[in-house]
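Work through the exercises below with the sequence and the structure open beside you. Try each task before you read its solution.

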Amino acid sequence: MGITQKREVSRILQTYGDMLYRTAWLLLGNPHDVQDALQETLLRYLEKAPAFASVDHEKAWLLRVLTNCCKDFLRFRKRHTHLDLEPLKEQLPAPESRRLAQELYDLPSKWKTVLILHYFEGYSVREISEILGISEAAVKKRLQRAREALRKELVP
């Protein structure tokens with residue numbers, strides 16, 4: 001890796017590292033898989049060396065690649081069920097946070113992704129539809145279903 005690439009990776013990590021890590025963590029819940037997904041995202045960034053029209057385009061591209069990597073890891077887990085998954089709920093401090101995190105972690109990936117992008121990363125429905133390549137109606141429906149599922153589990 002050349003000096004230019006090292007600087008570029010450093011810039012990406014400084015600018016988007018926390019957001020990417022948080023997103024991968026909420027999707028995967030396993031620190032080892034999270035690191036692998038982040039590494040794969042950065043490798044794809046270096047391999048493709050895409051030219052971006054704006055900072056928002058770069059951020060959306062990174063999120064899209066990361067969520068695709070996370071989906072790949074989840075598919076692998078599904079096919080190889082013998083893997084021991086490190087539960088997210090045991091790594092958060094407050095019992096309420098653990099319960100919410102566990103319920104979020106248990107949601108289907110497509111619901112979890114839109115919740116994370118909307119509530120944790122602050123994207124609008126339109127932006128999420130562009131990032132994920134789905135219609136705005138699909139984003140709204142996934143948000144609705146995810147909220148209903150969480151409400152059903154969390155409200156006594």
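**Exercise 1: The overall plan**

Read along the sequence, this protein follows the pattern α-α-α-α-α-α-α. Keep in mind from the start that the model is predicted.

Task: State how many helices and strands the protein has, and find what share of its residues is buried.

Solution. Begin with the secondary structure, where the protein has seven helices and zero strands. Next turn to burial, for which a residue has to be under 20% relative accessible area; buried residues make up 38% of the 156 residues in the protein. The accessible surface comes to about 9500 Å², and carbon and sulfur atoms account for 52% of it. Finally, look at the contacts between residues at least 6 apart in sequence, among which 66% join residues at least 24 apart.

**Exercise 2: Confidence in the model**

Task: Give the mean pLDDT of the protein, and describe the stretch of residues 81–89.

Solution. For the protein, the mean pLDDT is 81, and 85% of the residues reach 70 or more. Then go to residues 81–89, where pLDDT stays under 50, and note that the model has 15 contacts beyond four places in sequence for this stretch.

**Exercise 3: An aromatic pair**

Task: Which geometry do the rings of Tyr45 and Trp61 have, and which helices do the two residues lie in?

Solution. A pair of aromatic rings is described by the distance of the centres and the angle of the planes. The structure holds four aromatic pairs. In the pair of Tyr45 and Trp61, the ring centres are 6.0 Å apart and the planes stand at 65°, so the pair is edge-to-face; the cut-off needed for this step is an angle over 60 degrees. Now locate the partners: Tyr45 lies in helix H2 (residues 31–48) and Trp61 in helix H3 (residues 55–79), so the pair ties together parts that are 16 residues apart in sequence. As a last step, check the surroundings, where Tyr45 counts as buried because its relative accessibility is 7%, and where Tyr45, Phe52 and Trp61 form one aromatic cluster.

**Exercise 4: Two cysteines**

Task: Why do Cys69 and Cys70 not form a bond through their sulfur atoms?

Solution. Start from the cut-off, since a disulfide needs two cysteine sulfur atoms within 2.5 Å. The cysteine sulfur closest to that of Cys69 belongs to Cys70 and is 6.9 Å away, which is too far for a bond. Approached from the other partner, the sulfur of Cys70 has its closest cysteine sulfur in Cys69, again at 6.9 Å and too far for a bond. By this rule the count comes to zero disulfides. As for burial, Cys69 is buried with a relative accessible area of 1%, and Cys70 is buried with a relative accessible area of 1%.

**Exercise 5: The buried side of a helix**

Task: Which residues of helix H6 are buried, and how are they placed around the axis?

Solution. In helix H6 (residues 125–132), the buried residues are Val125, Ile128, Ser129, Ile131 and Leu132. They cover an arc of only 165° around the axis, and therefore they sit on the same side of H6. Just after H6 comes Gly133, which takes a positive phi of about 70°.

**Exercise 6: Partners across the sequence**

Task: For Thr113, Thr15 and Gln102, find the helix of each residue and a C-alpha distance to another residue.

Solution. Take Thr113 to begin with, which lies in helix H5 (residues 109–120) and is buried, with a relative accessible area of 3%. Leaving aside residues up to four places away in sequence, Thr113 touches Leu27, Thr67 and Leu132. Thr113 and Leu132 are 19 residues apart in sequence, while their C-alpha atoms are 9.1 Å apart in space.

Continue with Thr15, whose place is in helix H1 (residues 3–28) and which counts as partly exposed at 47% relative accessibility. The C-alpha atoms of Thr15 and Lys59 are separated by 9.2 Å, although the two residues are 44 residues apart along the chain.

Finish with Gln102, which is found in helix H4 (residues 95–106) and counts as buried at 16% relative accessibility. From Gln102 to Gly29 the C-alpha distance is 9.3 Å, and the two are 73 residues apart in sequence.

Definitions and conventions
Residues numbered from 1 in each chain as written. Predicted model: local features only at pLDDT ≥ 70, side-chain atom pairs only at ≥ 80, totals over all residues. Heavy atoms only, no water. Phe/Tyr/Trp six-rings, centres within 6.5 Å; stacked < 30°, edge-to-face > 60°. Helix = DSSP H or I, 4+ residues; strand = E, 2+ residues; numbered from the N terminus. Buried < 20%, exposed > 50% of the residue type's maximum accessible area, 1.4 Å probe, protein only. Contact = heavy atoms within 4.5 Å. Areas by Shrake-Rupley, 256 points an atom, 1.4 Å probe, with all protein chains shown as cover. pLDDT = per-residue confidence, 0-100. Arc of directions from axis to C-beta.
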